[in-house]
Amino acid sequence: MENIGEFITVLPSSQVCALLQRSQSSHQPPLPTQYITESGTYWPLAVLNPIHLFPSIIFNQPEHLHDIVFVWTILRKFFPDLLTSKNLKSLSTAFGLIKGETSSTAPTAAILTTLIYSWAFKVQDMSPSAIITYENNNNLDSIESYYPKDSYIEVNGVNTAKTIIGNALKQRVENIDNDVCEADDEDAFFVADLGEVYRQHMRWKKNLPRVKPFYAVKCNPDPQVIRLLAELGTGFDCASKGEIEQVLKAGIDPTRIIYAQPCKTNSYVRYAEKNGVKQMTFDNSDELYKIKKLFPGAELFLRISTDDSSSLCRLSLKFGAAMDATNNLLALARELDLNVVGVSFHVGSGASDPLAFRKAVQDAHTVFEQARNFGYYMHTLDVGGGFCTETFEVMASVLSDALEEYMPKNIKIIGEPGRYYVANAFTLACNVIARRTVEDPESLEKSYMLYLNDGLYGNFSSIMFDHQNPIAQVLQTGNRSYFNTLESCATLEGTEYSIWGPTCDGIDRISASIRFNHNLDVGDWLYFESMGAYTKCSATRFNGFTDSHDVIYVSSEPGVNALLEITETLIHPDRSTYNMASEKDMREYLLPSDTPPRNQRRRYRDHLTFLPLLASALFLTMVITYFSSQSIHRYRESQLTAESLHQCAWSYLEKYEELLDVKPIAREEFLERQKVLAGVLGEDGVDAFIAEPSASTEYFGNVSSAFELSERPFLVILDREGGATLLVPKFESGRIGALDMVFEEEKKRIVEWREEENPYEVLRREMGLKKVVLDEHVRFMVAAGLQDVGVDVQLMSLEMKELRAVKSETELDILRGVNEFTVQLVRSLQKCIKVGMSQESIVEAAEGLFTQAGVGAGFWSIILFGEQAANPHGGGKGRVLRDGEFVLVDIGTSLHGYGSDVTRTILPSTSTVDKELMNMWHLVYDAQTAAIEKMNINETCSVVDETARNVIKAKGYGEFFTHRLGHGLGLEMHEHPYLNGVNGEKLKKGEVVTNEPGIYITSSQATKLGKKVGFGVRIEDAVLVTEKGGRVMTGSRAKSPYEP
């Protein structure tokens, strides 16, 4: 037995009974058998229930590691002499004996069992997440029945981790006086909650029980993290001699290390061989020759390339053999007589597309089959890293399914998680060392530049190297602490700050703009959460600043204390004296010091029987209080949620503002359009083209369609000579003349009409019009008025409509920019939307993001949850997002008058839907793909529509695709041409159309189809028509509901 993390055996309940009997024959204190099954008794779950406890104490159900370390904590505290006499120096040894690995199994098991039962009545102070007390509950089926869903540390309303971290932060900063402290005393520092690492391990073992984690040391080589993970039984992914050396010095066996660096330094390979680190990766022939020369006995993993385009940090650009090269590499390895034992891949650090794992496992399976042809019977698959805490369950589910399908049970699976374990475990506190006032010369509004004692060259290197966006929060200002309160968070109002690091480099900026409801100054403290991944490991000493910062280690899990035998401070020996064993909320010692006599134990148990009544009363009080206050808090909560969502999404979206830096239509292009129109009018034998303010007047002369229409006609007349005439009410001539119109001045004139005149007669008389073409948006009253005075009125020809439909390069640049930005806005929202948010909050956030980017609030923001989306444009308000529901987002805005129109059906990163709904998403995606490929020049609109419709119809859902496939997009959100089943018009090169197939099933229809609830799925992109099919104008298409 090497360590606790390696337990794999389940002890049947029959053996538990035998152990209990042996305990009585071993002259130990008697164990009343009625305590095991007595009705109405309060059992501390995972301590008193043998039917449920003992199979898990010996552990192949990984979520019960909590139980084991809890028991060990009890024994270590109250029976140190016994443990010493039995040579039980560590938790691993003690429970290794129970497992049956030494000759003293029976007596040791009896001792432990008896002690647990004899003294368990004294348990009152429960651990934060390991155990909780239940009555008469001996047949629980799963961990979920006593761990609250989606919560690892929330018990009895006490948010333990936050409390402990907050106390450590406050205690440290309160002991620092900036006016008198020694140099470096006010340095930035970390608080590391090792309990979070512990919980992440439990989560991993629960969701990926088949995959043994090999922690990626490069992510954060913190010695206490490595120490804890070693005790939990993980392996270690090392990429250099330094990392290997650190792990070996921690006493970890070299067989638990994989040298996962496909291109290794010669001397490092020799070091690995000398120290017995056999497992290593390769991806090219040169590396094979190197290994043959330096370490022919190595156990090799062939690293293959993957699609890591959805990850934060792409690795396949640098590492990984292409699938068409693997066969030759295996042949060379056989020729060199090297030992290839497995395949490895890495979908990229911070991956967001779960399907990347599935494709990679499928490719790995192919390589396993290839290897057989060369006599290699590989036994291990390394699935690499890329796991994030926000998407872990989704990733794990897809990966598990892929492993089940492609990898036989005899294949060992390992992974290389890094950020998953540590990202959220570390909180960084920084001191404001300087402040600079900035005053806007026009508004006179003051903002401030804050300079911290850490920056991009220090622990914020993750901004540059890991694409992170740390969010500042106020820890202390004015001698008052704000940790984990609303007052600590950024706001949309308040004082504006930019936040900078301490170096002399101008790129050393942490945040360009953030607002707080505080007047921050020198000596105040900010804190940044989720700073455990790729932060201190890549810090530098640029400008002479330190790259080593104190770490205060705390634990929100007693299991960590038990595993590490923590008895003293674990921080920098020359720094703070904060001792995490003294932190009250850690609950290291779970039992009171005095043990009641045996005849008092039953009375103690009887005293507990009134607790259910008390708990019920408290529960009813809470329910009444909740509902009475719900209406009061709802609006405030909604606003807070919208603000929080806006702030989060903008942190991702801000960098894409440059997409909107596109030039508007130039004057020369407007004049050229007028010349082309004049030519068409001449060919058609028409005197003029007449329009009211609309998209057409905006296109030809920059006369805004926003000009309000009234019963008094304002007409723009473009004649076949290239001239422009404006028919205006006389009293409005000044206002209209001030419009920013674009016409040649010598060919432009204004014709005024007075209130007592017929405006149409005035126009006919002044221009001598006989035959005109009306814009398609002209109102009937205008057409009738012209006809009444003898003017022949014609409708727009197809050729005229195509003048606007076919876009110039400048128009395409604008459309591309605004549509790409809109897609990035949706992707930013997806990263931040959480279950429990309301429609209104998301709409408000989306409109706020458009506004902050300078493109107005957008044309619309349709947000639909679950069955609401069965109506394509929605209906109903006030819904709150539930787990397992799609979110349909249909939004658009405009840039220089040109529109964006984007629809995505998304899932929050922590939410899942059943396989059938996911299949619906992919069916719609396939329909869109087929239509894009069909968008060639000269293909008819009806055929393109039919192509997408047939894909959906083939799966039996044709009747639920209830609208046309798409429409033109330009100065109008819906314009010519229209992709429907009756439009035989051919597409033209340069047209931009939307492609938006969908499936919509109402709840009543769903019931008839045997489905649980209604839903709607739609995916929409703007597409440019080319000779070779459609080209999306949104940058890239959706890849999954998690990567829209």
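## A serine, a helix and a disulfide

Ser-488 sits in the loop that runs between strand 17 (480-481) and strand 18 (495-500). Keep in mind that this is a predicted model, so everything below is read off predicted coordinates.

Is Ser-488 buried or exposed? With a relative accessibility of 0%, Ser-488 counts as buried, since the cut-off for that label is under 20%. Who are its neighbours? Leaving aside residues up to four places away in sequence, Ser-488 touches Gln-473, Val-474, Tyr-482, Phe-516 and Tyr-527. With one of them, Gln-473, there is also a polar contact, side chain to side chain, at 3.4 Å.

Next up is helix 9, which covers residues 194-207. At 1.5 Å a residue, its 14 residues should span 20 Å, and the C-alpha atoms at its two ends are indeed 20 Å apart, so expectation and model agree. At the start of this helix, a side-chain oxygen of Asp-193 comes to within 2.9 Å of the backbone nitrogen of Gly-195.

How many of the 14 residues of helix 9 are buried? The count is 12, so the helix is largely enclosed by the rest of the structure. The buried set runs through Leu-194, Gly-195, Glu-196, Val-197, Tyr-198, Arg-199, Gln-200, His-201, Met-202, Arg-203, Trp-204 and Lys-205. Among them are the charged-residue names Glu-196, Arg-199, Arg-203 and Lys-205. As a reminder, an α-helix has 3.6 residues a turn, so residues three or four places apart point the same way.

Now for the cysteines. The model has 1 disulfide, and Cys-648 and Cys-832 are the pair that form it, with their sulfur atoms 2.0 Å apart. That distance counts as a disulfide because the sulfur atoms only need to be within 2.5 Å. The link between Cys-648 and Cys-832 is left-handed, with -75° about the S-S bond. Cys-648 belongs to helix 21 (residues 611-653) and Cys-832 to helix 28 (residues 809-832), so the pair ties together parts that are 184 residues apart in sequence.

Here is how accessible some of the cysteines are:

| Residue | Relative accessibility | Class |
|---|---|---|
| Cys-181 | 22% | partly exposed |
| Cys-263 | 39% | partly exposed |
| Cys-648 | 27% | partly exposed |
| Cys-832 | 4% | buried |

Within the disulfide, then, the two partners fall on opposite sides of the 20% cut-off for buried: Cys-832 is buried at 4%, whereas Cys-648 is partly exposed at 27%.

Terms used: Residues are numbered from 1 along each chain as its sequence is written. This is a predicted model: local features need pLDDT of at least 70, side-chain atom pairs count only at pLDDT 80 or more; totals for chains, interfaces and linings use all residues. Side-chain values use heavy atoms; hydrogens and water are left out. Helices (H or I, at least four residues) and strands (E, at least two) are DSSP runs, numbered from the N terminus. Buried means under 20% relative accessible area, exposed over 50%, partly exposed in between (1.4 Å probe, protein chains only). A polar contact is a pair of N or O atoms within 3.5 Å; within protein, one must be able to donate a hydrogen and the other to accept it, and residues adjacent in sequence count only if both atoms are side-chain atoms. Contact means heavy atoms within 4.5 Å. The expected span of a helix is 1.5 Å times one less than its number of residues.
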